[in-house]
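Me: I have a structure in front of me that I have not seen before, and I would like to learn how to read it feature by feature. Could you take me through it slowly?

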Amino acid sequence: HLQLVESGGGSVQTGGSLTLSCAASEYTPGSYCMAWFRQFPGKEREGVAAIYINGDGGTYYRDSVKGRFTLAQDKANNTLYLRMNSLRHEDTAMYYCAAADSGSWCYDVPSEGELNYWGQGTQVTVSS
């Protein structure tokens, strides 16, 4: 199975920035959805941002992060980045990278059940 490894998490003050990285173990041909999720304590994972890899390239963001978070893909290194600006205390969560099977469509921020491969997570803590 495809392996995903997140990095870049840490602690930052309100208003600060962090960039998360998701390194994939291999190149995946075909089109599929790749996304960042986050999980608050005691809650289910929620989609943060998604990109249609090898599709139309469309990107999608959760309403609460629009204008603050930005996806960027480094195809040469099989890496997906999530640039997070203007961080808020409520952004504090465990962040996960995820990918769907090749052949899947991606037209919006997905739900957890739509993703097939998951990273181990990286913690983001925003203090005020």
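Reply: What follows is a walk through a predicted model, going from the whole chain to single residues.

Me: Which kinds of secondary structure does the protein chain hold, and how many of each are there?

Reply: A good start is to list the elements from the N terminus on. In the protein chain there are zero helices and 11 strands, and the order of the elements reads β-β-β-β-β-β-β-β-β-β-β.

Me: How do I read the overall dimensions, and what does the radius of gyration say about the protein chain?

Reply: The idea is to set the computed radius beside the value expected for a compact globule with that number of residues. For 128 residues that expectation is near 14 Å, and the protein chain has 14 Å, so the two agree. The C-alpha trace can also be described along its principal axes, where the span is about 45 × 25 × 25 Å.

Me: What share of the residues is buried, and what can be said about the surface that remains accessible?

Reply: Burial is judged by relative accessible area, and a residue counts as buried when that value is under 20%. By this reading, 44% of the 128 residues in the protein chain are buried. The protein chain exposes about 6,400 Å², of which carbon and sulfur atoms supply 46%. As for charge, there are 9 positive and 13 negative side chains, and the centres of these two sets lie 8 Å apart.

Me: How should I read contacts between parts that are distant in sequence, and what share of them spans at least 24 residues?

Reply: One takes the contacts between residues at least 6 apart in sequence and asks how many of these reach much further along the chain. Here 61% of such contacts join residues at least 24 apart.

Me: How many disulfides are there, and which cysteines does each one join?

Reply: A disulfide is recognised from two cysteine sulfur atoms within 2.5 Å, and the count here comes to two. One joins Cys-22 to Cys-97, with an S to S distance of 2.0 Å. Cys-22 belongs to strand E3 (residues 18-24) and Cys-97 to strand E9 (residues 93-99), so this pair ties together parts that are 75 residues apart in sequence. The other disulfide is formed by Cys-33 and Cys-106, whose sulfur atoms are 2.4 Å apart. That pair also links distant parts of the chain, with Cys-33 in strand E4 (residues 32-39) and Cys-106 in the loop between E9 and strand E10 (117-118), 73 residues apart. When the bonded cysteines are counted along the chain, the pattern is 1-3, 2-4.

Me: Why is the disulfide of Cys-22 and Cys-97 called left-handed, and are its two cysteines buried or exposed?

Reply: Handedness is read from the torsion about the S-S bond, which for Cys-22 and Cys-97 is about -80 degrees, so the disulfide is left-handed. Cys-22 is buried at a relative accessible area of 0%, and Cys-97 is buried, with 0% relative accessibility. In the other pair, Cys-33 is buried at 3% and Cys-106 is buried at 1%.

Me: Which residues that are not glycines have a positive phi, and where do they lie?

Reply: Here one looks at the backbone angle phi together with the residue type. Asn-78 is not a glycine, yet it has a positive phi of about 50 degrees, and it lies in the loop between strand E7 (69-74) and strand E8 (79-84). Asn-78 is partly exposed, at 23% relative accessible area. Ser-86, which is not a glycine either, has a positive phi of about 50 degrees; its place is the loop between E8 and E9, where it is partly exposed at 41%.

Me: Is a loop residue such as Gly-119 buried or exposed, and what does it touch?

Reply: Each loop residue needs its own reading, with its accessibility taken together with its contacts. Gly-119, in the loop between E10 and strand E11 (122-127), is buried at 10%, and beyond residues up to four places away in sequence it touches Leu-4, Glu-6, Tyr-96 and Cys-97. Thr-28, in the loop between E3 and E4, is buried at 15%, and apart from neighbours within four places it is in contact with Leu-2, Asn-54 and Ser-102. Gly-113, by contrast, lies in the loop between E9 and E10 and is exposed at 72%.

Technical notes. Residues numbered from 1 in each chain as written. Predicted model: local features only at pLDDT ≥ 70, side-chain atom pairs only at ≥ 80, totals over all residues. Heavy atoms only, no water. Helix = DSSP H or I, 4+ residues; strand = E, 2+ residues; numbered from the N terminus. Buried < 20%, exposed > 50% of the residue type's maximum accessible area, 1.4 Å probe, protein only. Rg over C-alpha atoms; globule rule 2.2 N^0.38 Å. Contact = heavy atoms within 4.5 Å. Areas by Shrake-Rupley, 256 points an atom, 1.4 Å probe, with all protein chains shown as cover. Lys, Arg positive; Asp, Glu negative; His and termini not counted. Charge placed at Lys NZ, Arg CZ, Asp CG, Glu CD.
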